[in-house]
Amino acid sequence: MRTVLALMNRNRKLFFRDKGMLFTSMITPVILIVLYATFLANVFRDSFTSAIPDMITISDKLINGTVAAQLTASLLAVSCITVTFCVNLTMVQDKANGTRKDFDVSPVSKRKIYLGYFLSTVVNSLMVNGLAFILCLGYLFKMGWYMNIADVIWVLFDMILLVLFGSTISSIISFPLTTQGQLSAVGTIVSAGYGFICGAYMPISNFGLGLQKVLSYLPSTYATSLIKNHMLHGVFSKMERKQYPNEMVEAIRDTLDCKPVFHGNVVNVDQMIGIMIGSIVLCGVIYFFVTLFF
């Protein structure tokens, strides 16, 4: 285990030593929150207000708080996955510059080498997304704060699950890559497409029924819904305390993808957590066997 920790620290230090990679990873959450607030806020607001009957009046603060919570949840859902691809560049860099040849002739097993890459990806991604989370909390405080301590802790737990999921996925995809250009291309594709398939850019409830059914088989759907549920928990509690009609609150939950459906059955939060843990374990097993036999 000492060898694995040494390799993890080595990869972690290389990440912070590469100023370009560090800057890119750190600036990504900042860019995302600016873009989300600028271009997606109105889309989210329209989606939210469309579920409110005309005879009911909701304060601007509650509307802004709801939109901000949905926006920040979507941002974190994307950032926790996409940042891992940028952070995982060390694995490919070692192949590109020949460092892996030195590792291959050393008495260290391949499993320990790749476990070191994986753990450093998890640690570095958590640090970068921790910065994003702080920025999101500041944005929520400005727009409308309805979270309690338990909600914040749950969101942190969700982020850990998403980072673990993203790290296993990025490790599997990065394994066969041998140049930085290849990983950059993969990272670009993931960054551009993941936000759509996970329901971050636009709620999945707005998609066609056929596409909704397809996306219901992807763990990313439940990852985004999970973090939305905990981000919006305080907002829905506020609505219930104000005794808004239950039908309206449930319609808003459906509109914001807080109640995903799989084969006609609503998937609850506990089931979402189970899906994410199962996906992490499955991808981890795949990564283990890939590094062991290839």
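**Figure 1. Burial and overall dimensions of the chain in the predicted model.** Half of the chain is interior: buried residues make up 50% of its 294 residues. The chain has 13 helices and two strands. Its radius of gyration is 20 Å, close to the 19 Å that the globule rule gives for 294 residues, so the chain is as compact as a globular protein of that length. Taken along the principal axes, the C-alpha atoms fill a box of roughly 75 × 40 × 30 Å. Among contacts with a sequence separation of 6 or more, 83% are between residues 24 or more positions apart.

**Figure 2. Packing of helix α3 against helix α10.** Two packed helices are described by the angle between their axes and the distance between the axes. Here the axes of α3 (residues 60-87) and α10 (residues 219-231) come within 9 Å and cross at roughly 145 degrees. The crossing is right-handed. On the α3 side, the residues that meet α10 are A69, Q70, T72, A73, S74, L76 and A77. Their partners in α10 are T224, I227, K228 and M231. By class, this contact has six nonpolar, four polar and one charged residues.

**Figure 3. The largest nonpolar core, with 79 residues.** In soluble globular proteins, nonpolar side chains tend to be buried together. In this core, the residues that touch the most other members are I58, L76, M231 and M239. Helix α3 gives the most to the core, with 14 residues. L76 and M231 also take part in the contact of α3 with α10. Beyond its neighbours within four places in sequence, M239 is in contact with F48, L62, T66, Y244, V249 and I252.

**Figure 4. Surroundings of Y222 in helix α10.** Y222 counts as buried, with 4% relative accessibility. Neighbours within four places in sequence aside, Y222 is in contact with S216, P260, V261, F262, V267, M272 and I275. One of these partners, V261, is 39 residues from Y222 in sequence, and the C-alpha atoms of the two are 9.7 Å apart.

**Figure 5. N124 in helix α6 and S167 in helix α7, two buried polar residues.** N124 has a relative accessible area of 2%. Apart from residues within four places in sequence, N124 is in contact with N11, R12, F15, F16 and V87. S167 lies in α7 (residues 149-174), and its relative accessibility is 0%. Residues up to four places away in sequence not counted, S167 touches T84, F118, T121 and V122. Of the partners in these two lists, V87 of N124 and T84 of S167 fall within α3, which spans residues 60-87. F118, T121 and V122, which S167 touches, fall within α6, which spans residues 110-143.

**Figure 6. D257 and H263, two residues other than glycine with positive phi.** Phi of D257 is near 65 degrees. D257 is placed in the loop between α12 (246-255) and β1 (261-262). With a relative accessible area of 13%, under the 20% limit, D257 is buried. Phi of H263 is near 55 degrees. H263 is placed in the loop between β1 and β2 (265-266). With a relative accessible area of 57%, over the 50% limit, H263 is exposed.

**Figure 7. Partly exposed positions V43 and G138.** V43 is found in helix α2 (residues 19-49) and has a relative accessibility of 37%. V43 and S220 are 177 residues apart along the chain, and their C-alpha atoms are separated by 21 Å. G138 is placed in helix α6 and has a relative accessible area of 40%. G138 and I160 are 22 residues apart along the chain, with a C-alpha separation of 20 Å.

How values were computed
Residues numbered from 1 in each chain as written. Predicted model: local features only at pLDDT ≥ 70, side-chain atom pairs only at ≥ 80, totals over all residues. Heavy atoms only, no water. Axes fitted to C-alpha atoms, helices over the stretch in contact; angles between N-to-C directions. Helix = DSSP H or I, 4+ residues; strand = E, 2+ residues; numbered from the N terminus. Left-handed = near helix turned anticlockwise from the far one by under 90°. Contact = heavy atoms within 4.5 Å. Core = buried A, V, L, I, M, F, W, Y, C linked by side-chain atoms within 4.5 Å. Buried < 20%, exposed > 50% of the residue type's maximum accessible area, 1.4 Å probe, protein only. Rg over C-alpha atoms; globule rule 2.2 N^0.38 Å.
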